[in-house]
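Me: Please take a close look at one part of this model, the pairing of its aromatic rings, and walk me through what surrounds it.

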Amino acid sequence: MASLAKLLFVTLLASSLLASPGSAQLSPTFYSTSCPNLLTIVRNAMTQAVNNEARMAASILRLFFHDCFGCDASILLDDTATFTGEKNAGPNRNSARGYEVIDAIKTRVEAACNATVSCADILALAARDGVVLVGGQSWTVPLGRRDARTASQSAANAQIPAPTSSLATLVTMFSNKGLNARDLTALSGAHTIGQARCVTFRGRIYNDTNIDPAFATTRRANCPATGGDANLAPMDTTPARFDNDYYRGLVARRGLFHSDQELFNGGSQDAAVRGYSNNAASFLGDFAAAMVRMGNISPLTGTNGEVRRNCRRIN
């Protein structure tokens, strides 16, 4: 993650490939000559993965979110006897998933154009394709990221927003990375797909007061006050469909995380949430644009980092 993100999300403003010898900007056409079939390879692999398990779209999107504010594939590095990565950071341990899908894509990409495409770019493309496959709007992914040679568990612990975060905390954490409050609210819409573990929303359904009582009762049925930490609940009522149902849930006080409901709780983002709840196209467009901005945060480019042959370890 070399920098942050919970939730969730892909890349910078496209520009020229080369800037200075050690610095390059991202471009959608970065691999057009060196790996012309890249987009097709990733899309086909993600289609297979999502067909096998619809939840995988959400899992890969979350993996990208937790890698980002850096977007350098550091989250993919395995721990070793001499190296501590990010997979066992609090926000990732026993919850981040989909690593094997990225491995499978990397294997196919290496067969087509070895030592050419970074794991960071593969993850960015896979996250976009997963969203599209479950009904989201597409966006152009600027490419040219390189992979980190290191990772920081402490940074992952400190910089990925917790599901207990307040609105003020969320706004500040995103602002620190150049993302504004509307970006925060749009990117939080990633929670329109996927499922969450009981341990992450237990406090919300037992302690919060700004919650629909019937919703709390329903969620408590599969999330006891003690035990059952790994029991799953859908993020909204259509967890396999990328739509604006998440925002309708917030308006009805049915946000699953405390941090979700903070977006609609008498604060600065109420109007944006209500707008998205009434206009799916507005949400989908803003989400796509925010994903580009998020994926553009401090990527390694040029001669920085490397192109890993195996996403789980440095070369």
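Reply: Nine aromatic pairs are present in this structure, which is a predicted model. One of them joins F242 and F283, whose rings are stacked, with 5.6 Å from centre to centre and 15° between the planes. This pair brings together distant parts of the chain, since F242 belongs to the loop between strand 4 (232–234) and helix 10 (245–251), whereas F283 belongs to helix 13 (residues 280–294), 41 residues apart. F242 counts as buried because its relative accessibility is 2%, under the 20% limit, and F283 is likewise buried because its relative accessible area is 0%.

The two rings also belong to a wider arrangement, in which ring pairs link F242 and F283 with W139, Y246, Y247, Y276 and F287 into a cluster. F287 leads on to the nonpolar interior, for in the largest nonpolar core, which has 70 residues, F287 is one of the three that touch the most other members, together with I60 and L61. Helix 4 (residues 119–133) supplies the largest share of this core, namely nine residues. Leaving aside residues up to four places away in sequence, I60 touches M46, G98, V101, I102, L123, A126 and A127. Another core, of twelve residues, lies apart from the largest one and includes A196, C198, F201 and F215.

A ring can also be found beneath a charge in this model: the charged end of K87 sits over the ring of Y99, at 4.1 Å from its centre.

Conventions. Residues numbered from 1 in each chain as written. Predicted model: local features only at pLDDT ≥ 70, side-chain atom pairs only at ≥ 80, totals over all residues. Heavy atoms only, no water. Core = buried A, V, L, I, M, F, W, Y, C linked by side-chain atoms within 4.5 Å. Buried < 20%, exposed > 50% of the residue type's maximum accessible area, 1.4 Å probe, protein only. Helix = DSSP H or I, 4+ residues; strand = E, 2+ residues; numbered from the N terminus. Contact = heavy atoms within 4.5 Å. Phe/Tyr/Trp six-rings, centres within 6.5 Å; stacked < 30°, edge-to-face > 60°. Lys NZ or Arg CZ within 6 Å of the ring centre and 35° of its normal.
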